[in-house]
Amino acid sequence: MRSIWAVATNTIKQALRMKVALIFVLLLVVLLPVMALSTTGDYTLKGRLQTFVSYGLSLTSLLLCLLAIIVSIYTVTSEIEQRQIYTVITKPIRRFQFLLGKLLGVMLLNTGLLILFSAAIYTIAVYTPRFTKAADSELIEAENEFFTARNALAPPEVDVSTEVFEAIQKLQKSGDIEQIYAGMSPKEIVAQLTNLRKLAKRSADVGHELIWEFENVRPRDPNGSLFVRFKYQVSVTPPDSQVYSRWLVGDYRQYKYGMQGGVPMYPVQRKDPVREFREFEVPAVVAAEDGYLAVLFFNDPLNITSVIFPLEDGLEVLYKADTFTANFIRAVLLILFRLIFLACLGTLASTFLSFPVAILLCLALFSTASVSGFVIESFDYLSESLTAVYSYSLKWLIRLLPQFDKFNPSTYLVPGRLLSWSLVARVLVFMVCIKALLLLVFALIIFSFREIARIVV
Amino acid sequence: MEYAVETFSLTKIFSDWWGRAKVYAVDDLNLQVQRNEVFGLLGPNGSGKTTALKMLLGLLHPTKGKAICLGGDATDPKISARIGFLPEESYLYRYLTARETLDFYGRLFGLDRQVRKMRIEALLDMVGLKAVANRPVGTFSKGMARRIGLAQALINDPDLLILDEPTTGLDPIGTRQIKDLVLKLAKRGKTVLLCSHLLADVEDVCDRIAILYGGKIQAKGQVKDLLQQTHKRQITTDAISDSAVEKIKQIVRLENAECVVSSPMHKLETFFIDTVVAAQRQAQRTSGAVSTTKIGDFLTRETVSENILDKLVSTPLSQGPPAERAPTEKVVPAETAEPKPDERLLGKLAEPAQPQPVVADAKPGTKPVETSVPEQKLVKKDVLDELAGRSQPKTEDPGQTDKPYAGDSGDA
């Protein structure tokens, strides 16, 4: 343990004194304050905060990721290249201890810098409202939609498979299917029909209503607020692009089953533009004690169009589930996991590759991981023609890559969404405990058996 | 009997990309280095000396064969804790200062802070870099870097010292110092394996040598046996008169032999050192390494080694009468500044005021990998001499002294 620590501290000294880390630190020290002053977003306080935190964290994450890759590779390859390792590895230290020491050093350095800079971002974000002359409404908006960690509930999925099945059978019987869906594979036809049926369930004609029922609505503060967030799609755009609506939020069962004594449903009347996210606030007490909540939407007869709530994010119920601080810490943890993975990856690459090659490989993998969603989707799409080869080889390799884009902290912090501990734990298990550990084990095995000395005759 | 270093048909073949054998760097090398011996591995450039050392230390894997250091694998921490290694060039961390460098290596050995500190100061003093101890080693000249490399190899007070071209880049004083050091260590029962192509160095210090060419041993044996010209005799006298020389020549002629008479030359080395020492006495300033002929305090006396013999040989600072204590010429300034724990240790070592016969019976070394019988006799003789010389009056703590001694002589 002592020798691991000796190697670790030496690694940190190396990174700092060889000015590798210093460049990154300088960049951040300069860029963060500049960002804090220059970002404006959409000229509201909330927009400004969102832009700053999003860009600040992304920049910190990007630079520290690069630093993790570069330092972890540099520190091992330079020792082998410049042969300081001859005098180190012949001391009473096992090879795995040497490598672990290197990794520990890199991680300590990265963790330290991450804590430093995320603390700076946090402080700047928290103090921004005090130093800007924002209107009260903007302060409230920032408080409700940014300095919070809101849980978002989407309406439960509607099962339309039987309807789709029947519709297809009907089409096949009548023989229309060939004409209507010419040139489409059965899979695509099913997908299209499913989409249509689902949208139908989320559209309301003029004078009609829609009802969504939610479970597990448990706001942190029962005297606080719930938020309903929505976006309209319309079949005919109204002249003023506005949709008139009436809403009822609360325990619908008391009307449905004639129960007595509950909190009455909360009525809301609104006029909102189409195709834009809007949200309104209702008191949290309207949610039933067992976590039940219903949202009724009534398409006002003043309208001339039927209203559709898009599938992905047409309607959500939001409520504050945790504080901004806790959410921010979890977001930083996600970045830390990334760094651990990349440090392990760099260590592995450095055990058998020279510096430039290892850097190239790691950067390629890093950028692939950063757009992994796209990569996986496109490969899945392409793979239909080469299923067997793909699904047994490449697919698993791609799955081995971590999905940095999927677990991007900004996607949670910018809209003030709850980043739950369970998600953090899942990322920890998959990205660190499985993938990073696997890389580390490979690195240790390779390093333990390789020849350290260069071949000189 | 167990050797300090032993190789069994050690072979290293470097193959090309296709796996075809290309070069036999080391070919079927069988080497035995006895304990407490200074062994020189000689050979021209590219004869496989360094490759052999690297296989010994586990930096390269042998294609065939096996190498054993101190009775085990050199990559085993228990073994490598007792080895000091100086590679063919000093590969140092350029961003660390001299002191930090040594501290780092000391920590790799798991040495305590105080032991580390004491040894680092002693070593810096010995290699003459105390004045530049806080300068990054990246700014050092080759010779200065070499000195740090040497200090690094000695920080654990190794039982086996492996030196690869120890004198390259060093000035004559440094070279001389290394030679002195090697001899001192050998006297203390350590083993030194050095490889070099500077023949003069090897000749001065080595007990046995092996000459390597093309990865194979071409000759090996005692230096004396190999070099002595048995068909010639040399007589050295004080400056005698010409008439006396004539007489000697006549006697030689009677034996039917030829005789050449001349005044012996000083070795250039001796002359050089004398000159520099004289300059130093006039306190000339230098920005380089301060050349000293000191040898690290703990290397010659202080004993953290497990070996009870080493402990006995060493002298406690607090107790030994100074006249007897100092081995010979070197008085090291660091000695008075030694920290407390070491004094404690030394006190423990100050041990037995045993009557001589008891000591004579004792056979040291319950430690599994310690020295084997013949060398022990050699060393023990020294011990006995030293004990007889100075340990008689020291019986302050008889209860304490008996115990560890009895324990260590268990297999007598």
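How much space lies in the largest pocket? The answer is about 1100 Å³. Please keep in mind as you look around that this is a predicted model. Besides the pocket, this briefing visits a nonpolar surface patch made by residues such as A:Leu27, a set of salt bridges that numbers 36 over all chains, and two residues with positive phi, A:Arg275 and B:Asp157.

**The largest pocket**

- The lining of the largest pocket is made up of 23 residues.
- Nearest the centre of this pocket you will find B:Arg233, B:Gln234, B:Ile235, B:Cys259 and B:Val260.
- Sorted by class, the lining holds 11 nonpolar residues, 7 polar ones and 5 charged ones.

**A nonpolar patch on chain A**

- Seven names to select together are A:Ile23, A:Leu26, A:Leu27, A:Val29, A:Val30, A:Leu31 and A:Val34, which make a nonpolar surface patch of about 590 Å².
- One of these patch residues, A:Leu27, sits in helix H2 of chain A, which covers residues 20-38.
- A:Leu27 counts as partly exposed because its relative accessibility is 37%.

**Salt bridges in chain A**

- As a reminder, side chains of opposite charge can pair when their charged atoms come close.
- A:Lys46 and A:Glu141 form a salt bridge in which the closest N and O atoms are 4.0 Å apart. This pair links distant parts of the chain, with A:Lys46 in helix H3 (residues 45-81) and A:Glu141 in helix H6 (residues 136-145), 95 residues apart.
- How do the two partners fare for accessibility? A:Lys46 is buried because its relative accessible area is 15%, while A:Glu141, at 25% relative accessibility, counts as partly exposed.
- A:Arg229 and A:Glu316 also meet through their side chains in a salt bridge, at 3.7 Å from N to O. Here A:Arg229 belongs to strand S4 (residues 225-230) and A:Glu316 to strand S11 (residues 315-322) of chain A, so that distant parts of the chain, 87 residues apart, are linked.
- A:Arg229 and A:Glu316 are both buried.
- The two are also members of a network of salt bridges that links A:Arg150, A:Arg229, A:Glu279, A:Glu316 and A:Arg417.

**A salt bridge in chain B**

- The side chains of B:Lys54 and B:Glu88 come together in a salt bridge, with 3.7 Å from N to O.
- B:Lys54 lies in helix H1 (residues 49-56) and B:Glu88 in the loop between strand S5 (83-86) and helix H3 (98-108) of chain B, so this pair ties together parts that are 34 residues apart in sequence.
- Both B:Lys54 and B:Glu88 are buried.

**Two residues with positive phi**

- For context, most residues other than glycine have a negative phi.
- A:Arg275 has a positive phi of about 55 degrees, although it is not a glycine. You can find A:Arg275 in the loop between strand S7 (266-273) and strand S8 (278-283) of chain A.
- A:Arg275 counts as partly exposed because its relative accessibility is 44%. Its C-alpha lies 5.7 Å from that of A:Lys231, although the two residues are 44 apart in sequence.
- In chain B, B:Asp157 is not a glycine either and has a positive phi of about 50 degrees. B:Asp157 sits in the loop between helix H5 (142-154) and strand S6 (160-164).
- Is B:Asp157 buried or exposed? B:Asp157 is buried, because its relative accessible area is 6%.

Key:
Residues numbered from 1 in each chain as written. Chains lettered and ligands numbered in written order. Predicted model: local features only at pLDDT ≥ 70, side-chain atom pairs only at ≥ 80, totals over all residues. Heavy atoms only, no water. Patch = residues over 30% accessible without salt bridge, like charges linked within 9 Å, V, L, I, M, F, W, Y side chains within 5 Å. Areas by Shrake-Rupley, 256 points an atom, 1.4 Å probe, with all protein chains shown as cover. Helix = DSSP H or I, 4+ residues; strand = E, 2+ residues; numbered from the N terminus. Buried < 20%, exposed > 50% of the residue type's maximum accessible area, 1.4 Å probe, protein only. 1 Å grid on protein atoms, 1.4 Å probe; cavity = no way out; pocket = protein on both sides within 12 Å on 5 of 7 lines; lining within 4 Å. Points joined across faces, edges and corners; volume = space filled by probe spheres on them. Nonpolar A, V, L, I, M, F, W, Y, C, P; charged D, E, K, R; others polar.
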